[in-house]
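Colleague: I'd like to learn how to read the packing in a model like this. Could you walk me through it?

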Amino acid sequence: EKKGLNEIRKMFRDFYVSKGHYPGKSASLIPKNDKSLLIINSGMAPLKPYFSGQETPPSRRMTTCQKCIRTGDIDNVGLTSRHGTFFEMLGNFSFGDYFKKESLTWGWEFITEVLKMPEDRIWATIYKDDEQAHDIWRSLGLPEERIVRLGKEDNFWEIGLGPCGPDSEIFYDRGPEYGCGKPDCRPGCDCDRYIEFWNHVFTQFSKEEDGSYSDLAHPNIDTGMGLERIACLMQDVDSIFDVDTIRYILDGVVELCGIPYESGNEKADVSIRIITDHLRSMVFMIADTITPSNEGRGYVLRRLIRRAARHGRMLGIQSGFLAGLADRVITVSGEAYPELTEKQDYIKNIISAEERQFMATLEQGESIIGEYIEDLKRQNKKILDGEKAFRLYDTFGFPLELTKEILAENGMSADTEGFSACMQKQRDTARAGRKNTEELGWEESDTDIDVPETVFCGYETLSGSGTVLA
Ligand code: ATP
Ligand code: MG
Ligand code: MG
Ligand code: MG
């Protein structure tokens, strides 16, 4: 019989508890004393003080299921079968206790004996020079041809400063029917055949402020397995959006829009998945005390709510729908995360207020951008002036990100350099006489951005990197 996502979470914890691990609670999405990170994006992130030795862990072996947000994956959401901005990461951790052999051996035991995955579907990637990892995999019975050696980009884990090291990733082969058909299709290929579901990081180094690597006194283990991904594989469904708990949220979106899911309207399907994902992110973020604002985490939240609202509008859903769907997120996740249930009314109120505020903005902005698009079509042009994009943003509070998205839907783009120039000009004016603040990028922008109060600033800083959240 098929295991539900909530059940798989428990199976993982029970298994690692049986291997002597202390079951820790998920930390808040807001990092504690960690300037390098805007939002918690992995199981190990909140455990850094244990890895670095700054704090003493409750046990040298720990297991957690950590709520995570990866804003960098926002452009994948709805398009790939395996990415959400929100997901839960299962992990086992060793703080100077066990190392590679135990980690891979227990991992193998969990997937083949507890989850009973067919062994012949499993592949592993390793860092090219990691003979230890290679030999352990061979001894566990993985044949040579399903061990793939990759370079530093693929199999060396580091995020910002702190602990890092080579890793080994475990993939599941869903079969050629999911594949891209290319002759070199194998783990690491971006198609849906080989699904990466578990990363075992062998943390032996620490990256210092000056960019150098130093040896950790004791090597550590940090693993991360996407709960939604493993549930997707165990439930044998096409995507994480078909996993029982997530599908329940998606079904709520489908009910409201009245367009049957996967009925041939691919554009609608993408919007349905985006709303489903963003609902999860917004509910969990608000429960962790993040509120919509124009900077840092609050801005991430604002953008997620507004993006979901806009996709709802594209689907023809009556506005003011998000808070009602938030109930579904809480229904399926409230048992594992009691903070959701405790703050249910509060969460819904925040979402409603933000959606309401945005709809007013959106109606104005959409009609203006619609006129711009008609103008461009008449003139046979495909690029919207930076000045016009800026006018939308500055006068109507219409985010550049949405301008770009709407233009892209019409095969057009915006002159982002021109936009940036206008933004810079405005900031120079606004800041004349004020202290000179560096333009803040996404990762650092969790502290006070110096912006004029009434202007809807912050949607796009001057990174020029395409996506705001990337
Ligand atoms: P991918 O290559 O698929 O983007 P990743 O290599 O970025 O994944 P890791 O940083 O290794 O992922 O994180 C460990 C595990 O967390 C992954 O193996 C996967 O199961 C899960 N995971 C990572 N990103 C996401 C996401 N956006 N949505 C759902 N699960 C994720
Ligand atoms: Mg990724
Ligand atoms: Mg990967
Ligand atoms: Mg990975």
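**Reading the helix packing**

Modeller: Sure, and keep in mind that this is a predicted model. Let's start with helix α8 and helix α12 (residues 344-378), whose axes lie 9 Å apart and which pack at an angle of about 120°.

Colleague: Why quote those two values in particular?

Modeller: Two packed helices are described by the angle between their axes and the distance between the axes. Angles over 145 degrees count as roughly antiparallel and 65 to 115 as roughly perpendicular, with the oblique class taking what is left over. That is why α8 and α12 are called oblique to each other. There's a hand to the crossing too, and for α8 and α12 it is right-handed.

Colleague: Which residues of α8 and α12 meet there?

Modeller: From α8 you get Met-282, Val-283, Ile-286 and Ala-287, and they meet Ile-347, Ile-350 and Ile-351 of α12. Sort that contact by class and you find seven nonpolar residues, with no polar and no charged ones.

Colleague: Now α7 and α8. At roughly what angle do their axes cross?

Modeller: The axes of α7 and helix α8 (residues 266-287) cross at roughly 125° and come within 9 Å. That makes α7 oblique to α8. The way α7 passes α8 is again something you can give a hand, and it is a right-handed crossing.

Colleague: And what makes the contact between α7 and α8?

Modeller: On the α7 side, look for Ile-246, Ile-249, Leu-250, Val-253 and Val-254; on the α8 side, for Ile-272, Ile-275, Thr-276, Leu-279 and Arg-280. By class, that contact of α7 with α8 has eight nonpolar residues, one polar and one charged.

Colleague: What about α7 and α10: roughly parallel or roughly antiparallel?

Modeller: Go back to the angle. Helix α7 (residues 244-257) and helix α10 (residues 322-333) have axes that cross at roughly 165° and come within 9 Å. α7 and α10 are therefore roughly antiparallel to each other. In this pair, α7 passes α10 in a right-handed crossing. Thr-245, Tyr-248, Ile-249, Gly-252 and Val-253 of α7 make the contact with Leu-325, Arg-328, Val-329, Val-332 and Ser-333 of α10. The classes there come to six nonpolar, three polar and one charged.

Colleague: Let's zoom out. Which domains does the assignment give?

Modeller: For the protein chain, it gives domain 1 (5-234) and domain 2 (243-431). Taken over C-alpha atoms, the centres of domain 1 and domain 2 are separated by 31 Å. Where they touch, domain 1 puts in 20 residues and domain 2 puts in 22 residues. On the domain 1 side, the elements giving two or more residues are α1 (5-18), β2 (61-69) and α6. That side has eleven nonpolar, six polar and three charged residues.

Colleague: Last one, the ligand. How should I read the residues around ligand 1, and which come nearest?

Modeller: Think of them as a shell, and ask who is in it and where they come from. The shell around ligand 1 has 16 residues, and the nearest are Asp-73, Phe-87, Asn-199, Gly-224 and Gly-226. Elements that give two or more residues to it are β3 (86-94), β8 (194-207), β9 (213-226) and α6 (227-234). β8 supplies the largest share, four residues.

Colleague: How many residues of each class are in the shell around ligand 1?

Modeller: Five are nonpolar, five polar and six charged.

Terms used. Residues numbered from 1 in each chain as written. Chains lettered and ligands numbered in written order. Predicted model: local features only at pLDDT ≥ 70, side-chain atom pairs only at ≥ 80, totals over all residues. Axes fitted to C-alpha atoms, helices over the stretch in contact; angles between N-to-C directions. Parallel < 35°, antiparallel > 145°, perpendicular 65-115°, else oblique. Left-handed = near helix turned anticlockwise from the far one by under 90°. Contact = placed C-beta atoms within 7 Å. Nonpolar A, V, L, I, M, F, W, Y, C, P; charged D, E, K, R; others polar. Near = placed C-beta within 6 Å. Domains from an automatic or database assignment.
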